[in-house]
Amino acid sequence: MIATNRCGRESKSRCCQLIGALLGTLLWCCLDLGQAQLQPQLEQSSTKIDWITFPWSRNNRTNKPTHLGAGLQLKDDYDPADVSGFSGFERHPCRRVCQQGQSQSCYYQLVVHNYRRLGAECQRCQYDERACAAENCIYGDGVSSPVMAVNRMVPGPAIELCENDTVVVDVLNYLNEPSTMHWHGIHMSRSPEMDGVAHVTQYPVEPGEVYRYEFQADRSGTLWYHSHLGWQRGFGVAGNLIVRQPHQANPHARLYDYDLVEHAIMVQDIFYDYNIQQARNILINGKGRNHLSQLPDQDARHRYERLRVTPGYRYRMRIVLNGIFNCPVEFSIEQHKLLIISTDGNDIVPVLADGFFLTSAERFDFVLEANQFAKNYWIRVRGYEQCEERKLYQGAVLSYRGAARSELPLGDIMEDQRGRELDEPATFINDFRFKPLNASISALRKSNKDKDVGTVSLRSVEPVPWPSYTKFLTHYSSLSMRQAQNGEQLFQIDEISYISPGISMLQGRHLYQDDGYFCNRSSLAAQGRNCAREVCECVHVIRLPAYRPIEMVVANHMDATHPIHLHGFTFRLVGQGVLGSLSDLRNIRELDRRGRLSRLSDDYAAVAKDTVQVPGLGYVILRFISDNPGFWSYHCHIESHAVQGMAAVLKIGENYQIKSIPARVRC
Ligand SMILES: [Cu+2]
């Protein structure tokens, strides 16, 4: 299972010589310029990301840390014995009460490796729930299937630290394919090379190699880490990244008594074996019933995640959807209201709700008051779209102190799913069926749709950071799909399917003329290409100036919702709506000129997010200040869409404004 470490401990210099000899130069081994120009023969022509094997064979090297805190213990070489002590970070020194002015350096090792759900370690867990906690058993839903684990866990271990801490993470790639790690929500304003996007901000980490990520936790909130290559995130390479603030800085500190890592929930849709075409289940912190079984939900043979609470206390809970499919989920807790306080790590004016929806990569934090009779209650997750076709749902248990610890709630998970009397109106946040025009859809939520709170209606606790007279530079963007000549379905941004380049953009930017290397809507038009008629596939880079107020209007030409994620920035959502007509969406610039797209007024504290659902046949309007020059990925967070081209890169600023990535001396 464990791959050979090519430049392992005892053989490092020998390995260097070997590679040097192979490449005809020792210099290549010892100097990592972070650029591909030294190895033109290794560059592959641009091909679409393939999830099983990759054409890239370039070696990437571990970066040496440049500004580490005193006393930080770092590994600089590894052998299999080093990584045998896989563990979570429950006793990590950075897991602490955050204090103003007391930031730390925090070191972690994440070993990414092939593993198995319901593997040999889980045999006893099948019969005795108490045995499931035994180290290294990934029970999942009790269906054996290959996974990619982090430190033998799926999801990977949660990282907890404080705002402004320096984070150093060695990611050991023991998969048999390249990998990278993205730190979703961190702006990377001083370290754009740590964003973890292959061939955009770094070269992929080859099997058997270590990559040292080093960055500052430049903001607080419910963030997460995940692989940014192929389908690895769907196989399990993801975990929570919780960045807390000192009490004085936290506007919601008085709303809850506890903020515990065991109340951080990662929801994930999964597939079985390598069949990435079909969502087969939704898991809550890697556990849940399977839908192949006819056993009722409350059968003791299922394994559910349990969240324990004590009556009378208020708990902050953090929910992340690591979604792969077009499978938005609805989250609620039986007989409990949720006080929603944050989304994508950004604090909002609290909203008391019965539940909320998440599309892939979105997060919501809420406060749960343990104010009900002390027993066990179902935590409910219901899947829609592709998950609805298979009637996928999942449960976890909210277990009050005093209730039977091993028992399950009575009744089915989805019974009485509003957690209320049926005639009482319910409030749901962030419904992906946003202002539906389609009658068959609106019928789904007739009784209470007036109570639903759309994403754009949420309010940030912070006013927008620009004055009302600000003039924004507007970029119009579109999401669409088309058939390639070979019948392949391509997904597109601005009618272009993204192809990964051979040179990593950030490192290699001085090597080429942008216009010859990148493409975008205007460069293709200048060449006389009409992407509305022909298939355009290329290295799609949208150029925007640095340090300017930027507005993006994203029009969705498809029926389905797309969760769009922007790296490097937190944006304000100032508009979101459904036009319902493809021809309107194709002419969105003209429609906007005629005032048909509504924007929030500047005195409305528009909600801050990093991922937002673009409604089917609808649009969103995002605003941000482009004060983070670099190459920032902009893509749909549904894996099949992103892999099939619904991705682009925003090049913010000119080369001279972007941080230079120094050569690193190795050996
Ligand atoms: Cu999509």
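Helices (H or I, at least four residues) and strands (E, at least two) are DSSP runs, numbered from the N terminus. This is a predicted model, where local features need pLDDT of at least 70, side-chain atom pairs count only at pLDDT 80 or more, and totals for chains, interfaces and linings use all residues. Residues are numbered from 1 along each chain as its sequence is written, and side-chain values use heavy atoms, with hydrogens and water left out.

First, the chain. By those rules it has 11 helices and 35 strands. Of its 667 residues, 62% count as buried, meaning under 20% relative accessible area with a 1.4 Å probe, protein chains only. Take the contacts (heavy atoms within 4.5 Å) between residues at least 6 apart in sequence: 78% of them join residues at least 24 apart.

Now the metal. Which protein donors does the copper ion have? They are His562 (ND1), Cys636 (SG) and His641 (ND1), at 2.0 to 2.1 Å from the ion. Donors here are N, O and S atoms within 2.8 Å of the metal (3.2 Å for Na, K and Ca); water is not among the atoms, so sites may look incomplete. Along the chain, the spacing of the donors reads H-x73-C-x4-H. The pair His562 and His641 links distant parts of the chain: His562 is in strand E28 (residues 562-566) and His641 in helix H11 (residues 639-643), 79 residues apart. Both histidines, His562 and His641, are buried.

Conventions
Buried means under 20% relative accessible area, exposed over 50%, partly exposed in between (1.4 Å probe, protein chains only).
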